[in-house]
Amino acid sequence: MRQNPLKKIVELQKQGKSVGIYSVCSANGYVIEAALKRGMSDGSCVLIESTANQCDQNGGYTGMAPADFRKFVLDIAEKNGFDKDRLFLGGDHLGPLTFADKDEAEAMAANDKTRSANYLSLEGDWKFHWAENAERRCYDFYKTDLDDSKWGTMPVPGIWEMHGYGYPKYVNVGFGWRERFPVAAPFVPMSENHVGSYRRVITIPENWTGKQVIAHFGSVTSNIYLYVNGKFVGYAEDAKVAAEFDITPYLQKGDNLIAFQVFRWSDGSYFEDQDFWRLSGVARECYLYALDKDYQLKDIRVTQGLTDDLKDGVLDIQAQVSPKAKLQFQLLDAAGKEVATIDGPRGENGVVKAHLTLPNVKKWTAETPNLYTLKATVLSADKQQTPKAMT
């Protein structure tokens, strides 16, 4: 499920089979099952984008961690007899960036992740190759021995059309190629389907050794094929949603080559029939972040409300942590003063639940937009309860 879905399609086509790909941006069990059945009926591959809003078979929220979501999808595939070689998972949203330890409290208080020792920016100039037609793209863009000395540069974030590559196009209803090429979902034109290839060498900090490293791409249009040190990491398509990839297995100490390729149009473009400017490239922030493998906040859901004739505030928190971790929550008022502390007891499978009632809560209104800040501290689950991370 980590291989490139297009490689599998090409392989099947070489066997004389006509095969397409269904892209599913949903975590609803019924939607996934329908896509798998449709794929079985015509021999297509199925790409499923994991999202932050995982749902159970009946459509209800479960708060599943990415690993549980993978198992959830595989169980549906097995139940329906779907060939797992045709099943692919896109980039997962793996969890929040955490500040390294209590010494980074100042950065956390400023809500500035760029000041964390667990953050490494990917922004700036990248080596860049642009092809007007998809057939003319650089097929070897990811290889470590490729000579890119004659390539140009492109800033990340950066929109191609704003830097002299291609042209911006506004469409109200329909697709960007509607006047020149047939609309035949899920296929898109190869001609005038611009392709940008990116390469950059990144030095991994020494203090990240032994940590899990995640690559975050805030918005890439229309898709992204990501490689690290010549190895395929993953694929994602959703122009306005962040894609995250666990690149830990592909890294080496010191310098690492990160390369990715972006197509102007993909089958995901069929989901973007709205009135907006069609632009290509990387539109939002990109960075790497590191996580302690043993002490992680994997997921958190906070539900707030009012009780006692709208007088008191209530908070219900459900989170999931790694096996060696536990949580402590602090609620701060607008001045940064602590108003409550909650210990989150661990339940089964690392699930943490906590409840808080805050008397005479300062309510939010348009005239008095009062806000509180909830801080979660990941502690070791041993007797010492050493602080490991904050988010």
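A salt bridge is taken here as a side-chain nitrogen of Lys or Arg within 4 Å of a carboxyl oxygen of Asp or Glu. By this criterion, aspartate 294 and lysine 324 form a salt bridge, with their closest N and O atoms 3.8 Å apart. Aspartate 294 is located in the loop between E18 and strand E19 (297-307), and lysine 324 in the loop between strand E20 (312-321) and strand E21 (325-332), so the pair ties together parts that are 30 residues apart in sequence. Aspartate 294 is partly exposed, at 34% relative accessibility, and lysine 324 is likewise partly exposed, at 47%. The structure is a predicted model, and a search of the whole of it finds four salt bridges.

The chain as a whole contains four helices and 25 strands. Of its 391 residues, 49% count as buried. The surface exposed by the chain amounts to about 19400 Å², of which carbon and sulfur atoms supply 50%. Contacts between residues at least 6 apart in sequence were also examined, and 71% of them join residues at least 24 apart.

Six of the strands are arranged in an open sheet, in the order E6-E5-E9-E15-E12-E13, with antiparallel pairing. The edges are occupied by strand E6 (152-156) and strand E13 (231-236); each has a single partner strand, so one side of each is left without a neighbour in the sheet. From one strand to the next, the twist averages 30 degrees.

Within this sheet, strand E9 (residues 195-203) pairs with strand E5 (residues 124-131) in the antiparallel sense over five bridges. Phenylalanine 128 has tyrosine 198 of E9 as its bridge partner, and tryptophan 130 stands opposite glycine 196, also in E9. Strand E9 further pairs with strand E15 (residues 255-263), again in the antiparallel sense, over nine bridges. In this pairing, threonine 203 stands opposite aspartate 255 in E15.

Strand E9 also contributes to a salt bridge, in which the side chains of arginine 199 and aspartate 148 meet at 2.9 Å, N to O. Distant parts of the chain are linked by this pair, since arginine 199 belongs to strand E9 and aspartate 148 to the loop between E5 and E6, 51 residues apart. Residues under 20% relative accessible area count as buried. Arginine 199, with a relative accessible area of 5%, is therefore buried. Aspartate 148 is buried as well, with a relative accessible area of 17%.

Another of the salt bridges joins the side chains of lysine 113 and glutamate 285, at 3.2 Å from N to O. Lysine 113 is placed in the loop between helix H4 (105-109) and strand E4 (119-121), whereas glutamate 285 is in the loop between strand E17 (281-282) and strand E18 (286-291); the pair therefore ties together parts that are 172 residues apart in sequence. Lysine 113 counts as partly exposed, at 25% relative accessibility. Glutamate 285 is also partly exposed, with a relative accessible area of 32%.

How values were computed:
Residues numbered from 1 in each chain as written. Predicted model: local features only at pLDDT ≥ 70, side-chain atom pairs only at ≥ 80, totals over all residues. Heavy atoms only, no water. Pairing = 2+ DSSP bridges. Helix = DSSP H or I, 4+ residues; strand = E, 2+ residues; numbered from the N terminus. Axes fitted to C-alpha atoms, helices over the stretch in contact; angles between N-to-C directions. Buried < 20%, exposed > 50% of the residue type's maximum accessible area, 1.4 Å probe, protein only. Contact = heavy atoms within 4.5 Å. Areas by Shrake-Rupley, 256 points an atom, 1.4 Å probe, with all protein chains shown as cover.
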